[in-house]
Structures are given as structure tokens and as C-alpha cells.
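Thanks for coming. I will take a few minutes to walk through one structure, so please have the sequence and the view open.

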Amino acid sequence: MSIKTPAQLRSRTKRGIFETCRPALIGLGLGIVTSLAAQPAFALSEIKREELPAPGASQPEGADKAVPLPDPIAPSTEAEPDDGTPAEPGTAVDPAGPDTEQAIERPEPDEPLPEIQYDVSKLPPAVGELRDQLLAIAKSGDIEKLRPLLGAGDDMTQLSLAGIDGDPLEYLKGLAGDEDGQEILAILEEVLSAGYVHLDAGTAEELYVWPYFFAIPIDKLTGPQRVELFKIVTAGDYEEMKAYGSYIFYRIGITPAGRWAFFVAGE
């Protein structure tokens, strides 16, 4: 039996969280392929070609009176708005439908990079208090203690970009590699221990966000900043993020009033 190094174990653990959805999608794809392989598969064009007589062959009596088949209907790329008015030509349909959660906006690429902060004494009292509470719970190892801080209804902490069903803590436990959700607590602590940024100051979208990598293009990180990044993600995660151009692992947002706005991963 080979002995894995701490680095190998760390990579396996973090990529288990980072790629939570991949096994389900791969399994679904294999199931579809297996089902289709069990029966002959023909493209629509092949089926129609087999039904047509060969060139020059004699036509059966009355064939010229047969009702012609309509041309295949191409998939529509237009949709009608909810108000019932026809869509403008060229309007694309979003196959995923409308977002179920509010988008978490990054700064625009042409905007000045936000200032990276490490001094938590500069946080508003309510923000600093919530951060301290979250860190204490993360170190306690008891994920159930997060429940009072998650809120409810419209004020509930966003835990997924696509929305969740059921108990939020059970959802978080399901993301972890262990049954008690302590891997998620470890990530929570690591993220809150990093530097932060203050975004959209003075607006209704004002937030304090950890880690600061969320607001910095991945190719703009300096050598020392990448060292900080590798405390949270693996080198493999970093390579994937370079393809997106941005940090897409877990981040935390807290409003100036001390509400836990989100704890999500993804793009």
C-alpha cells in the first residue's frame, strides 16, 4: 500500500469539494450512452433517406398523390417574453432558465483593482463580530452552530449559485468529504483568515468579501499572493481558474450591517 504525502491528501480533499458535481454528471452521461447503445441509432437524415425510392425507380401507383412530409422543424433559438409579446428576432434562449439566486458580481475588468485589506480592526463592528463568530464555530468543529447565523427566507445566506432544497446544513455536509461537515468548516476558517476587499462602498450592494482573490483577476496575482492562494486551493485548482480568468473557489460576503450574505463556490 502506497503512503500518500500530506500534499497528495490535501489535493484529494480540496478537489473533492471543488468538483462536487462532476461524478453525478459523468454518471448521467454514461447512463445515456448505455441506453442508446442498446438499440440501433439513426440520424433523422438517414431515416428519411431510407424511406425515399432510389433515383430512377418506378413509383407505385398513386404515389404522386401522397401527402408530402413537412421539412424537419429546426430547434427554435427564440423565446417569447413572459408578457406574451413576440421576441425580437435573434433573441437567444437561456436553456438554464432564469437565475434562482441573486448574481454575485465581481468588479468590472476595467475598474481599478480594490484595495486588499488585512487589518480586521478596520471592519465595521457588525462585520467584525460576525467574522469572529464564524471563525469560532469553524474551530469548534460543530457545523450545527452555524444554523442561527444562516438566517431564513429572503435573508437566508446564499449557499449555492443555483439555489438549494431542504436543510441548509445538510446541504453543506453533503459538500464535505466527511459526514460531519468539518471539511467545510476548515475551508470557512481558511477563507476568513485571508485578506479581504470592501466592494461597492456606499451602495445597496456594499459588501466585505473574503478572500480578496475573488475581486482580483487571477493573472494579476503576484508571487506572494499566489502563495497565499495556495493556502486555500491546490495547484490543479489554480490551473483550472486560469482558464476562467478568476478565482472560483469558496468566498464569503458580509454586509455592513453584519448579515452573512453568501458562502458559495463556482462561477
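How many bridges join strand 1 to strand 2? There are 3, and the two strands run antiparallel. Strand 2 covers residues 207-210. Before going further, please keep in mind that this is a predicted model.

One of the partners can be named: V197 has V209 in strand 2 as its bridge partner. On to the next strand. Strand 2 and strand 3 are also antiparallel, and 3 bridges join them. Here V209 turns up again, with G253 in strand 3 as its bridge partner.

Now the whole sheet. The sheet is open, has 4 strands in the order 1-2-3-4, and its pairing is antiparallel. At the edges are strand 1, residues 197-199, and strand 4, residues 260-264, each of which pairs on one side only. From one strand to the next, the twist averages 20°. What packs on this sheet? Helix 4, residues 125-140, does, and it touches strand 2, strand 3 (251-254) and strand 4. The direction of helix 4 makes about 140° with that of strand 3.

Let me stay with strand 2 for a moment. In a regular strand, side chains alternate between the two faces of the sheet. In strand 2, L207 and V209 point one way, Y208 and W210 point the other way, and all are buried.

Next, the aromatic rings. The structure holds 9 aromatic pairs. Take Y196 and Y208: the ring centres are 6.4 Å apart and the planes are at 55°, so this pair is tilted. Y196 sits in the loop between helix 7 (182-192) and strand 1, while Y208 belongs to strand 2, so the pair ties together parts that are 12 residues apart in sequence. Are these two rings' residues buried or exposed? Y196 has a relative accessible area of 2% and is buried. Y208, at 8% relative accessibility, counts as buried too.

Y196 also forms a tilted aromatic pair with W210, at 5.2 Å centre to centre and 40° between the planes. That pair links the loop between helix 7 and strand 1 to strand 2, with Y196 and W210 14 residues apart. W210 counts as buried, at 0% relative accessibility. Elsewhere, one aromatic cluster is formed by Y118, Y212, F213 and Y247.

That brings us to the core. In soluble globular proteins, nonpolar side chains tend to be buried together. The largest nonpolar core here has 53 residues, and those with the most contacts inside it are L146, L188, Y247 and W260. What does L188 touch, leaving aside neighbours within four places in sequence? The contacts of L188 are L134, A138, L146, I252, W260 and F263.

Last, helix 9, residues 235-244. Which of its residues are buried? D237, Y238, E240 and M241 are. Seen down the axis of helix 9, these buried residues fall within an arc of 165°, so they line one face of the helix. Just after helix 9 comes G245, with a positive phi of about 85°.

If you want one place to start looking, start with V209: its bridge partner in strand 3 is G253, and V209 is in turn the partner of V197. That is all I have.

Terms used
Residues numbered from 1 in each chain as written. Predicted model: local features only at pLDDT ≥ 70, side-chain atom pairs only at ≥ 80, totals over all residues. Heavy atoms only, no water. Pairing = 2+ DSSP bridges. Axes fitted to C-alpha atoms, helices over the stretch in contact; angles between N-to-C directions. Contact = heavy atoms within 4.5 Å. Buried < 20%, exposed > 50% of the residue type's maximum accessible area, 1.4 Å probe, protein only. Arc of directions from axis to C-beta. Phe/Tyr/Trp six-rings, centres within 6.5 Å; stacked < 30°, edge-to-face > 60°. Core = buried A, V, L, I, M, F, W, Y, C linked by side-chain atoms within 4.5 Å.
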